[in-house]
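Colleague: I am new to this model and would like a close look at one part of it. Please take me through that part in plain terms.

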Amino acid sequence: MTEIDKNLTLEQQIALQISASGPISVATYMGLCLTHPTRGYYRVREPIGGKGDFITAPEISQMFGELIGFWLVNLWQQMNEPKAFTLLELGPGRGTLMADILRTACRAPGFRDALRLTLFETSPGLMAEQQARLEAYDPKWLQNFDNFEDGPVMVVANEFFDALPIRQFIRKEKGWHERQVGLLDGKRTFGLSPTPIPPGSMPDDVADAAPDSVFEVNFAAAEIMSILAKIVSRQGGSILAIDYGYGRTQTGETLQGVRNHAYADVLDAPGETDLSAHVDFAALANVARRAGLAAQPLATQGEFLARLGLAERASTLIKANPALAADIATARDRLVNPEQMGTLFKVFCAHSPGLIPAGFSA
Ligand SMILES: C[S@@+](CC[C@H](N)C(=O)[O-])C[C@H]1O[C@@H](n2cnc3c(N)ncnc32)[C@H](O)[C@@H]1O
C-alpha cells in the first residue's frame with residue numbers, strides 16, 4: 001500500500017482497485033471489507049454486543065459456554081486425560097465463550113494443568129478483550145497453523161466459518177459465471193464474469209441447477225478445515241463448529257450484510273457492515289473425512305444444547321438466582337427455540353475415530 005492509499009477510505013481503495021484492474025470477485029470484495037489491514041470491518045468496528053452490530057450465542061448466556069465446557073471435558077476423559085493438549089478457538093470474539101468454557105472445564109481435576117490455550121484472531125481490538133478475559137489461562141495467539149505442540153488438539157469455533165470470504169457463481173445459458181463486484185457510473189454493482197467457468201467444475205449436487213441459481217463456495221473455510229483436520233487426525237482430538245449453515249451442498253444465496261442489528265445492503269458502507277454467509281457443512285465434513293476424521297451428522301443448536309442439558313442448567317441457575325429467573329429463561333429460549341437460534345444454527349463435529357462426542361444423538 002502506498003502513502004496515498006493509506007489516507008483513502010476503503011470505499012475509495014476498492015474503487016481504485018476496480019478502475020485499475022477490473023471487477024473483483026465476491027470473495028475479494030468480502031475479504032477487503034472484513035479484514036483489510038487498516039480499514040476492514042474486524043479492524044475498525046466493535047462488532048459484537050449491544051453497542052455493536054450483532055449478538056452471538058455466548059453473549060446471550062453463560063450456559064452456552066458452560067455446556068461446551070462439559071462437552072470438552074467428556075472428550076478429554078475419553079482420550080484418557082492427556083497430560084498436555086491444545087485447546088484452539090477460532091475467532092474468539094470478546095473471549096466470552098472461552099471464559100465460560102474454562103470456568104467450567106477447569107473444575108475437572110487435571111484439565112487446567114494439561115491445557116495449552118491457543119487463539120486465532122484477526123481483530124486487534126477483540127484480541128485485547130480476549131487478553132483481558134483469559135489472561136489467567138496464559139493464552140497464545142497463532143498467526144497461522146504451522147506449528148502445533150505434540151498432544152491432542154481440540155478446536156472450537158462459534159460463528160467463525162461464516163465470516164470467511166465466499167465466491168458466488170450464477171447459472172446462465174452457457175454455464176456457471178462467477179459473480180463480481182464492478183463499478184457502474186462510479187457506484188459498486190454486481191456483475192458476472194464474461195466467460196463461464198470450465199464445464200464440470202461444479203459439485204454433482206448442483207450440476208443440474210435451474211437458470212439463475214446461485215452457488216456459493218467457501219474455499220477459505222475448506223482450507224482451514226483441511227489443515228486442522230490433518231493436524232487432529234495426526235495428534236488426536238476434535239473440531240467443533242457452530243454456525244448458521246446447511247448439511248447438504250445446495251444452491252441459494254445466503255451472503256448477507258448486517259449493521260447496527262439490522263440487515264444492510266452487502267455493497268453498502270464497506271468496512272462498516274458485517275458480511276457473512278451460511279456454511280456448507282457437507283463440504284467441510286468431506287474435507288474432514290478425507291483427512292481421516294469421523295464426522296457426526298449435523299445437529300441443530302437446539303438439539304445439541306438440549307441433549308447436553310440446557311434445561312437442567314437453566315433450572316439450577318434460576319434456583320441460585322431467583323431474581324434473574326425471567327432473564328435466564330429468555331436466554332435459554334433464544335438459544336434453542338426453532339424461531340430463534342435453535343434451528344438456524346447447526347453444530348458440526350469432526351473427531352478422531354473412536355471418540356463419541358456428546359450431543360449428536362438422542
Ligand atoms: C462473528 S464473530 C464471532 C465471535 C465469537 N466466536 C462469538 O461467538 O461471540 C467472528 C470472529 O471471527 C474473527 N475473524 C473473522 N475473520 C477472521 C479471520 N480471517 N481470521 C481470524 N479471525 C477472524 C472475528 O474477529 C471474530 O472474533
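Which element gives the most to the lining of the second largest pocket, and with how many residues?

Modeller: Keep in mind that this is a predicted model. Helix H11, which spans residues 281-290, gives the most to the lining of the second largest pocket, with 5 residues. The space in this pocket comes to about 480 Å³. Its lining is made up of 24 residues, and those closest to the pocket centre are Phe 215, Val 217, Phe 219, Asp 280 and Ala 283.

Helix H11 is one of the elements that give two or more residues to the lining. The others are strand E6 (167-172), strand E9 (214-217), helix H10 (219-235) and strand E14 (279-280). By kind, the lining residues divide into 15 nonpolar, 5 polar and 4 charged.

For the surroundings in the sequence, there is also an open sheet of 3 strands to look at, with antiparallel pairing and the order E12-E11-E13. Strand E12 (262-264) and strand E13 (274-276) are its edge strands, and each of them pairs on one side only. On average, neighbouring strands of this sheet are turned by 40° against each other, with direction ignored. Strand E11 covers residues 256-259, and its antiparallel pairing with E12 runs over 3 bridges. In one bridge, Val 258 has Tyr 263 of E12 as its partner.

Technical notes. Residues numbered from 1 in each chain as written. Predicted model: local features only at pLDDT ≥ 70, side-chain atom pairs only at ≥ 80, totals over all residues. Heavy atoms only, no water. Pairing = 2+ DSSP bridges. Helix = DSSP H or I, 4+ residues; strand = E, 2+ residues; numbered from the N terminus. Axes fitted to C-alpha atoms, helices over the stretch in contact; angles between N-to-C directions. 1 Å grid on protein atoms, 1.4 Å probe; cavity = no way out; pocket = protein on both sides within 12 Å on 5 of 7 lines; lining within 4 Å. Points joined across faces, edges and corners; volume = space filled by probe spheres on them. Nonpolar A, V, L, I, M, F, W, Y, C, P; charged D, E, K, R; others polar.
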